[in-house]
Amino acid sequence: MFDPIGALLGLFSHDVGIDLGTANTQVLVRGKGIVVDEPSAVTLHRRTKKVLAIGAEAKQMVGRTPANVVAVRPLADGVISDFDAAERMLRYFITKVHQQTGMVPRPRVVLGVPVGVTDVEKMAVYDAARNAGAREAHLIEEPIAAAIGAGLPIVEPVGSMIVDVGGGTTEVAVISLGGIVVSRSIRVAGDELDQDIVTYARQKYNLLIGDWLAEEVKIAAGSAIALPREKVISLRGRDVVTGLPRSVDVSSVELREAMAGSINQIVDAVRATIEDTPPELVADLDEHGIALIGGGSLLTGLDERLSRETRMRVYRPSSPRSCVVRGTGEALEELGFLEAVEVLPRRVQRV
Ligand code: ADP
Ligand code: MG
């Protein structure tokens, strides 16, 4: 049915793609590029539940919050775990886009969702986007978005593998003819590596360190393979016994040892997915390689480690952190295509 108000809004409004990730949310406006790239975080007043900060500002408060402030992550394992917070966050980001671009805050939106989420989980993302102001909301599976963003041939009968190492989960998927052929998701990714470092410091050095420092250390000196020149980095924390500040120097060799179990789990997930892949498609993967994306994929040497253990070429496409959001943005450009790949919840399925 023709919707005159919607059509009018469309003239002044914009199309946006959103990657609503567990760790980070990115928003892309068609024709302008990525305009929001901030942590998926919200801080609230404990008693009144008033929102104090969202995004980067909220993440800065995490771990430094007084007793009356709570920090929440609206998503866990890629799905909405706190609906109100997710909606507030989306509204905030959509409004921010509107302020930056001077456009009507009633966009048409494409969002990525993890593979295999339930109808209820999809509905939550859909509703959060609509409640946050989206005139239209479309959902597509993250690996499909990532493949589009990475420029892979997704509608052809050629297999492509995407390994997305995010904050909370690592998702492995094989795509062919615009659909997911096999996939696997494990709850081991970037955040788990941070926790490994926290645990290691406590067990080996009786040192309590914050999650943030662990993340910084992972980024600066963590690796998945032996380095030509191993690094040394200082960990500053609180001594478990004396309760006083103390710092110790750890080497990249130790960090690798700390993270070994989790990295093995990531490697195993990729290998197991290859084993589940039909032989014809395995031949394609062999020929075209495996695309490694997501923030966690930036760990030094993860590409080489996976390549060694799968005996396939593993590469990071350009800007591996933003493949999903760029893919959602591109999907908006071709409505016919979007309709073919979208995974709407049953209640809003268009007939
Ligand atoms: P999500 O999709 O779950 O929101 P992202 O794709 O944004 O997650 O990835 C977030 C993870 O990437 C975090 O665990 C972060 O520590 C990690 N990360 C970001 N940059 C790097 C880097 N240079 N090296 C290693 N890990 C990184
Ligand atoms: Mg992600």
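Here are four short exercises on this predicted model, each with a worked solution.

Residues are numbered from 1 along each chain as its sequence is written, while chains are lettered from A and ligands numbered from 1 in the order in which they are written. In this predicted model, local features need pLDDT of at least 70, side-chain atom pairs count only at pLDDT 80 or more, and totals for chains, interfaces and linings use all residues; side-chain values use heavy atoms, with hydrogens and water left out.

**Exercise 1: the ligand shell**

Describe the shell of residues around ligand 1.

Step 1. Start with the residues near the ligand (a heavy atom within 4 Å of it). There are 16 of them, and the closest are Ala23, Asn24, Glu215, Lys218 and Gly295.

Step 2. Sort them by type. Four are nonpolar, nine polar and three charged. In this scheme Ala, Val, Leu, Ile, Met, Phe, Trp, Tyr, Cys and Pro count as nonpolar, Asp, Glu, Lys and Arg as charged, and the others, Gly among them, as polar.

Step 3. Look for backbone polar contacts to the ligand (N or O atoms within 3.5 Å). A backbone N or O atom of Gly295 lies 2.8 Å from an oxygen atom of ligand 1. For Gly296 the corresponding distance is 3.0 Å, and for Thr22 it is 3.2 Å.

Step 4. Now check the cover. Ligand 1 taken alone exposes 580 Å², of which the protein buries 86%. Such areas come from the Shrake-Rupley method with a 1.4 Å probe.

Step 5. Finish with the elements, which are DSSP runs numbered from the N terminus (helices, H or I, of at least four residues; strands, E, of at least two). Helix H6 (190-205) and helix H7 (211-221) are the elements that give two or more residues to the shell. H7 gives the most, with three residues.

**Exercise 2: a nonpolar patch**

Find which residues join Leu208 in a nonpolar patch on the surface.

Step 1. Patch members have over 30% relative accessible area and no salt bridge; nonpolar side chains (Val, Leu, Ile, Met, Phe, Trp, Tyr) are joined within 5 Å, and like charges within 9 Å.

Step 2. Leu208 is found in strand E14 (residues 207-208). With a relative accessible area of 33%, Leu208 is partly exposed, a class between buried (under 20%) and exposed (over 50%), using a 1.4 Å probe and protein chains only.

Step 3. Its partners are Val240 and Val241, and the three together have about 250 Å² of accessible area.

**Exercise 3: two bridges to helix H8**

Trace the salt bridges made by Asp276 and Arg271.

Step 1. A salt bridge is a side-chain nitrogen of Lys or Arg within 4 Å of a carboxyl oxygen of Asp or Glu. The whole structure holds 20 of them.

Step 2. Asp276 pairs with Arg184 at 2.9 Å, N to O. This links Arg184 in strand E13 (residues 179-186) to Asp276 in helix H8 (residues 252-276), 92 residues apart.

Step 3. Arg271 pairs with Glu309, their closest N and O atoms being 3.5 Å apart. Here helix H10 (residues 302-310) supplies Glu309 and helix H8 supplies Arg271, 38 residues apart.

**Exercise 4: a bridge to a loop**

Explain why the salt bridge of Asp303 ties together separate parts of the sequence.

Step 1. The side chains of Asp303 and Arg316 meet at 3.1 Å, N to O.

Step 2. Asp303 lies in helix H10 and Arg316 in the loop between strand E18 (314-315) and helix H11 (323-331), so the pair joins parts 13 residues apart in sequence.

Note on methods: A polar contact is a pair of N or O atoms within 3.5 Å; within protein, one must be able to donate a hydrogen and the other to accept it, and residues adjacent in sequence count only if both atoms are side-chain atoms.
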